[in-house]
Amino acid sequence: MGQHRVPVPESRAYIDGQWRTSSRTEPIRNPADGAIVSTVHQSSIADAQAAVRAADAAWREWRRRPAHERSQILDRIAQAMADRAEDMACQMTAETGKPLTEARTEVARSLSTMRISAEEAKRIAGEMVPMDAVAPGAGKLGFTLRVPVGVVAAVTPFNAPLNTVCHKLGPALAAGNTLVLKPHPHGAGIAVLLAEIAEQVGLPAGVFNVVHGGPDVGRALTTDPAVKFVNFTGSGRVAEAILGEIGLKRTLLELGGNAPTIVHQDADLAVAVKQCAEAAFGLSGQSCISTQRIFVHEDVRKEFTANLVEAATSRRPGDPWDSKTGVGPLIDEASAIRIEQWVSEAVDAGAELLCGGAREGAFYEPTVLANVPPDQKVCCEEVFGPVVILVPYTEIDEAIAQANDTPWGLKAGVFTGSLDVALKAARELEYGTVNVNGASRSRVDQEPSGGVKQSGWGKEGPRYAILEMTDERMISIASSGRA
C-alpha cells in the first residue's frame, strides 16, 4: 500500500522533562499491510514510579499557577498542535490504520478539545453558601473553592489515540493537576508528538509525563499512592481489574457499549440513513459509541433497509492513505477474525446477511444483518467492528424496552419528527447521552460525555472533567470578635 512518512518512528518515555529509551522495544505494525512503522520503548515499573514522583513534585508548583497562565499554556499547545496537524494525522494512520481522512477529523476535534480546556481553565469557580440561613451561621461568610486533586493517571486506547488523550490532559492541566499517561502501543507515537509539543511551548517538566508498556506498567501507575485520580478509557474487564487493585481512589471510567439508534416512522430517512451508516461503519466500527443496533419502525423498514444496505456497500475497504477509502482495517487481524466468527455464528443461528460478511486480513466489510436471534453475540455483546443489526418494531415503547435491554448505557440515538416521541426517548432511554435526530456516535467535545450501568461513570468534556478532577473545599469565615 505504499510507504508514507512517519513523524515519530521511535516512541520513548517522557519523564520529568527527559526522554528515556529502553533495551526492550516493541515493533508497531500498520494493520493494513503489516509493515513495521514504528518502535515503542517499553518502560519499566521503575520508570512508572519515577514518572509519578516527577508529577507529584511538579504538582506542588503547577497548582499555584494562576488560571490565566495555565490557560495560556494550553492555548500554546493547541496552536503548536495546529502547526503539526498533518504530522499527527499521518502518525495516527500509520499506527492504527485509521483512514487519513478520519485521522484529520480527529486532529481537528483534538485541537478544539484543547482550546475549550484553555477557556475552561479561566472559569473554575465555587459558589457562595448562605450561612445565615440558620442561626448558628449568622455573621459568617461561606463559599466553596475547587482545588486540584493532584496526580492524575491516564490510560488511553488505540481507537481515538489523540482526542482521548486531549480529553484527559487538557482538563487535568486546566484544573491545576499533573498527569502521567500510558497510551495504547498503537497510539504511542501520537502521545510522544503531544509531549514534544508540550515541551516545545514551555510546559514545566513533570507536569505531563508519558510511559509505555503492558499491564505491569499500568498497574504500577494506577496503584501508586501518589496518584490521586485514575482516568481510564477501555474495556470493562480491565476496569474491574483496576478497581480491584486501587482501593479508595477516585476514578473516571469510560467503558464499553452496545449503542442503539431508533428510526421512528416519521423520521427523515435520508438523514437517518446517512448518519446511521457513518455511525456504524466509520472508524471501522471501532468506537464504544458506534451504532450497533438499529430499531426501525415497520412502516419504514423496507425503505430504510434498502438505503442502508446501499450505503454500506458503497463503503469499500481499502488503503487508509487513499482519500476514497470507505473503511479502514481493524486494529489487527485477530479482531477481524473474531468479528467474522460472530457474524458466522449469527447466520448459522438464522440471521439474514443483507450485505458484507467478508474478511481479508485485518479488513472486514461493512455488514448489515437482520432477523438476528437476541442471544447472538452480535446482538448482546459489543462487536467493536463495522457490523450493524436491524430490528423492526411497531410501538415506540417496544423499541425503547429493547434498546434498554443491555448491561451498557453509553449513548443512544433516535430519529423522529414527533416532539412526544423525542421527549419519551429522552426520559426513558437508559443512557448517558440521548441524541435526538442524531445517531449514537454524534458528539461535540464540550458536552458532558459518559455512561451509566456497565459503561462506566463520571463525565468527560473539559468543563465536566474539571469538576471530576477537582475537590470541592468549603470555606467558612467568622469574625475574630474584635472591633
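**The largest pocket**

Begin by selecting helix α8, which contributes six residues to the lining of the largest pocket, the largest share of that lining. The model on display is a predicted one. The pocket itself has a volume of about 1100 Å³. To find its centre, select F232, G234, S235, R237 and V238, which are the closest to that point among the 37 lining residues. Next, colour the elements that give two or more residues to this lining: α7 (215–223), β11 (227–233), α8 (236–246) and α11 (333–348). Colouring by residue class then shows a lining of 16 nonpolar, 13 polar and eight charged residues.

**From β11 to β12**

Keep β11 selected and add β12, residues 250–254. The two strands pair in the parallel sense, over five bridges. Within this pairing, select N231 and look across to β12, where L252 stands opposite. Is β12 enclosed or open to the outside? Four of its five residues are buried, so the strand is largely enclosed by the rest of the structure.

**The second largest pocket**

Move now to the second largest pocket, with a volume of about 560 Å³. Its lining comprises 26 residues, and those to select for its centre are R109, A160, L283, S287 and R441, which lie nearest to it. Two elements, α4 (100–120) and α5, each give two or more residues to this lining. The largest share, five residues, comes from α4. By class, the lining divides into six nonpolar, ten polar and ten charged residues.

**Helix α5**

Select α5 alone, residues 163–175. This helix has 13 residues, and the distance from its first C-alpha to its last is 18 Å, close to the 18 Å expected at 1.5 Å a residue. How many residues of α5 are buried? The count is 13 of the 13, so the helix is largely enclosed by the rest of the structure. Step to the residue that follows α5, G176, and inspect its backbone: its phi is positive, near 100°.

**The cysteines C166 and C288**

Select C166 next; this residue is buried, with a relative accessible area of 0%. Then select C288, which is also buried, with a relative accessible area of 13%. A disulfide is a covalent bond between the sulfur atoms of two cysteines. How many disulfides does a search of the whole structure find? The search finds zero. Why does C166 not take part in one? The closest cysteine sulfur to that of C166 belongs to C288 and is 16 Å away, too far for a bond. For comparison, the cut-off applied to a disulfide is a sulfur pair within 2.5 Å. Viewed from C288, the nearest cysteine sulfur is that of C166, at 16 Å, and C288 is in no disulfide.

**The enclosed cavities**

Turn from the open pockets to the enclosed spaces. The structure holds three cavities of 30 Å³ or more. The largest contains about 80 Å³ of space. To display its surroundings, select T96, G97, K98, P99, E102, F158, N159, L283, S284, Q286 and P329, which line it. L283 deserves a second look in this selection, as it lines the largest cavity and is also among the residues nearest the centre of the second largest pocket. The lining of the largest cavity divides into four nonpolar, five polar and two charged residues.

The second largest cavity contains about 70 Å³ of space. Of the 13 residues that line it, select G285, S287, S290, Q292 and F384, which are the closest to its centre. S287 appears here as well as near the centre of the second largest pocket. This cavity has a lining of five nonpolar, seven polar and one charged residue.

**The open sheet β1-β5-β4**

End the tour at an open sheet of three strands, which follow the order β1-β5-β4 with mixed pairing. Which strands stand at the edges? These are β1 (10–11) and β4 (25–29); each has a single partner strand, so one side of each is left without a neighbour in the sheet. Now select β5, residues 36–41, together with β4: five bridges join these strands, which run antiparallel. As a last selection, take E26 and look across to V40 in β5, which stands opposite.

Notes
Residues numbered from 1 in each chain as written. Predicted model: local features only at pLDDT ≥ 70, side-chain atom pairs only at ≥ 80, totals over all residues. Heavy atoms only, no water. Buried < 20%, exposed > 50% of the residue type's maximum accessible area, 1.4 Å probe, protein only. 1 Å grid on protein atoms, 1.4 Å probe; cavity = no way out; pocket = protein on both sides within 12 Å on 5 of 7 lines; lining within 4 Å. Points joined across faces, edges and corners; volume = space filled by probe spheres on them. Nonpolar A, V, L, I, M, F, W, Y, C, P; charged D, E, K, R; others polar. Pairing = 2+ DSSP bridges. Expected span 1.5 Å × (residues − 1).
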